[in-house]
Amino acid sequence: MTLHNCPPPKAALARWLKDYPSEVDNYGHLLLEQDCDCDDDLIADFVTYFESAHADARAFFHEQMGIELHPDADAPAAHITYPTCLPPITRRGLFGEVMAGMLTEHYDYVGCHDWTIPVFLFRYHEDAEAYLFALVRDPERKREVYGRRGSDFLALALNDAGEIERFIVGEAKWRKKLQPSVVAELMYGKKKKNPETDELEHDGKGIWFQINRDIPAPHGLRQLQRLLRDIDPDGYSAAIATLDRVLVTRNAQPLPRTNLILISGGGVPSREATHSLIPWDAVPEDYTATYDLQVVELILKDGDKLIDGVYDALWPI
């Protein structure tokens with residue numbers, strides 16, 4: 001098992017995206033618009049980061065599946081690999097989570113904290129494990145895969161002693177077309193008929209609901225602590241001890257926290273350049289949590305091409 005140890009591809013991001021940052025009180029907003037077409041060079045620049053993000057889960061899942069990762073392996077099921085063999089919709093969800101990490105490590109967010117991601121939490125994607133385990137044994141068992149439960153990603157801000165000063169917890173969503181109705185469903189939940197008015201109304205179970213009611217120390221922190229204990233208990237001993245105090249001690253003082261919402265996907269013809277889908281000039285009224293909030297909108301022209309190109313290029317040998 002390995003830590004995530006690849007820095008974000010800074011030059012590629014600078015070439016690929018135009019950024020429009022803003023910050024008001026404890027609210028940061030970052031609009032990112034694609035500035036160059038996806039090509040083989042851009043895909044190649046992203047591959048190493050994506051391999052690093054998925055490396056821990058890849059080793060874990062392949063051991064669980066009982067197949068060999070060695071390049072000379074010639075087992076009949078050796079072509080079933082994580083994450084390449086996951087369904088297209090699942091890969092798009094993974095893309096959003098990896099991009100949440102890449103953008104967090106590269107751009108300045110509200111509070112200007114120095115964020116680090118020791119390891120991504122992909123090994124806890126239980127349905128992906130079950131799907132691949134069955135697929136190795138029966139190639140006809142293709143189906144859609146449920147998303148991973150819990151926080152989409154976590155990053156830490158560490159002090160010089162390696163203790164955790166703050167953490168950021170993120171919700172990352174990908175949609176092919178980011179039109180206003182799609183974003184409204186993401187933020188406010190799916191529409192259902194109100195039996196009293198006979199009108200379609202959002203059910204209120206979208207991102208705002210989820211992020212506002214999240215507990216101070218989400219389950220992902222325990223998952224991250226377990227990974228650090230497994231992979232590098234000495235190097236992250238101070239961070240592990242910090243999490244012990246937060247997660248084990250009753251009535252412990254919660255860690256300072258930043259919430260992140262990343263919405264990524266394709267723009268639509270009706271959208272004007274530099275136009276944000278979530279208000280940027282004031283803390284959104286729908287946000288009621290007390291933590292700092294960072295919203296990132298990633299608007300792409302050929303996101304499907306990039307996603308498929310990157311995931312098809314991972315671990316070619």
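**Trp-315**

I started at Trp-315 in this predicted model and listed what it touches. Setting aside residues up to four places away in sequence, I found Glu-51, His-54, Ala-55, Arg-58, Tyr-82 and Pro-83 touching Trp-315. Trp-315 sits in the segment after α9, and its phi is positive, near 45°. Is Trp-315 buried or exposed? Neither label fits: with a relative accessible area of 24%, Trp-315 is partly exposed, because the buried class stops under 20%. I also looked at a partner far along the chain: Thr-48 is 267 residues apart from Trp-315, yet their C-alpha atoms are separated by 9.4 Å.

**Helix α9**

Stepping back into the helix, I checked residues 303–313, which make up α9. Which residues of α9 are buried? My list reads Gly-303, Leu-306, Ile-307, Gly-309, Val-310 and Tyr-311. An α-helix has 3.6 residues a turn, so residues three or four places apart point the same way. I had that in mind while reading the buried positions of α9, with Leu-306 and Val-310 among them. Next I asked what the buried residues of α9 pack against. The partners are α1 (10–16), α2, α3, β4 and β8 (292–300).

**Nonpolar cores**

The largest nonpolar core came next, and I noted 59 residues in it. Trp-16, Phe-46, Phe-50, Met-99 and Leu-103 have the most contacts inside this core. Which helix gives the most to the core? I found helix α2 (residues 40–65), with eleven residues. I then followed Leu-103 outwards. Beyond its neighbours within four places in sequence, Leu-103 is in contact with Leu-13, Leu-17, Leu-32, Tyr-109, Leu-262, Val-296 and Leu-298. Another core lies apart from the largest one; it has 19 residues, including Leu-3, Leu-121, Phe-167 and Tyr-236. As background, nonpolar side chains in soluble globular proteins tend to be buried together.

**Cysteines**

A quick look for disulfides gave me a count of zero. Why is Cys-36 not bonded to Cys-38? The closest cysteine sulfur to that of Cys-36 is in Cys-38, 8.3 Å away, and this is too far for a bond because the cut-off for a sulfur pair is 2.5 Å. Cys-38 itself counts as buried, at 4% relative accessibility.

**Glu-97 and the cavity**

I turned to α3, where Glu-97 lies. I did want to know whether this charged side chain is buried or exposed. Glu-97 is buried, with a relative accessible area of 9%. Not counting residues up to four places away in sequence, Glu-97 touches Phe-120, Phe-122, Arg-148, Asp-152, Phe-153 and Ala-172.

That led me to the cavity search. How many cavities of 30 Å³ or more does the whole structure hold? The search finds one, and about 30 Å³ of space lies in it. Glu-97 is one of the residues that line this cavity, and the others are Ile-117, Val-119, Phe-120, Leu-121, Phe-122, Arg-148, Asp-152, Phe-153 and Leu-154. By class, I noted seven nonpolar, no polar and three charged residues in the lining of the cavity.

**The largest pocket**

On to the open spaces. The largest pocket holds about 1100 Å³ of space. Its lining has 43 residues, and Arg-148, Asp-152, Glu-171, Lys-173 and Gln-210 lie nearest its centre. Which element supplies the largest share of this lining? It is β4, with eight residues. At least two residues each come from α3 (88–106), β4 (164–177), α5 (180–188), α6 (207–212), α7 (219–231) and β7 (257–266). My class tally for the lining of the largest pocket is twelve nonpolar, 14 polar and 17 charged.

**The second largest pocket**

For the second largest pocket I wrote down a volume of about 300 Å³. Of its 15 lining residues, Tyr-124, Glu-126, Arg-148, Arg-149 and Gln-223 lie nearest the centre. Both α4 (126–137) and α7 supply at least two residues of this lining. Here the classes are three nonpolar, six polar and six charged.

**Arg-226**

My last stop was α7, the helix in which Arg-226 lies. At 42% relative accessibility, Arg-226 counts as partly exposed. From C-alpha to C-alpha, Arg-226 and His-29 are 32 Å apart in space, and 197 residues apart in sequence.

Technical notes
Residues numbered from 1 in each chain as written. Predicted model: local features only at pLDDT ≥ 70, side-chain atom pairs only at ≥ 80, totals over all residues. Heavy atoms only, no water. 1 Å grid on protein atoms, 1.4 Å probe; cavity = no way out; pocket = protein on both sides within 12 Å on 5 of 7 lines; lining within 4 Å. Points joined across faces, edges and corners; volume = space filled by probe spheres on them. Helix = DSSP H or I, 4+ residues; strand = E, 2+ residues; numbered from the N terminus. Nonpolar A, V, L, I, M, F, W, Y, C, P; charged D, E, K, R; others polar. Core = buried A, V, L, I, M, F, W, Y, C linked by side-chain atoms within 4.5 Å. Buried < 20%, exposed > 50% of the residue type's maximum accessible area, 1.4 Å probe, protein only. Contact = heavy atoms within 4.5 Å.
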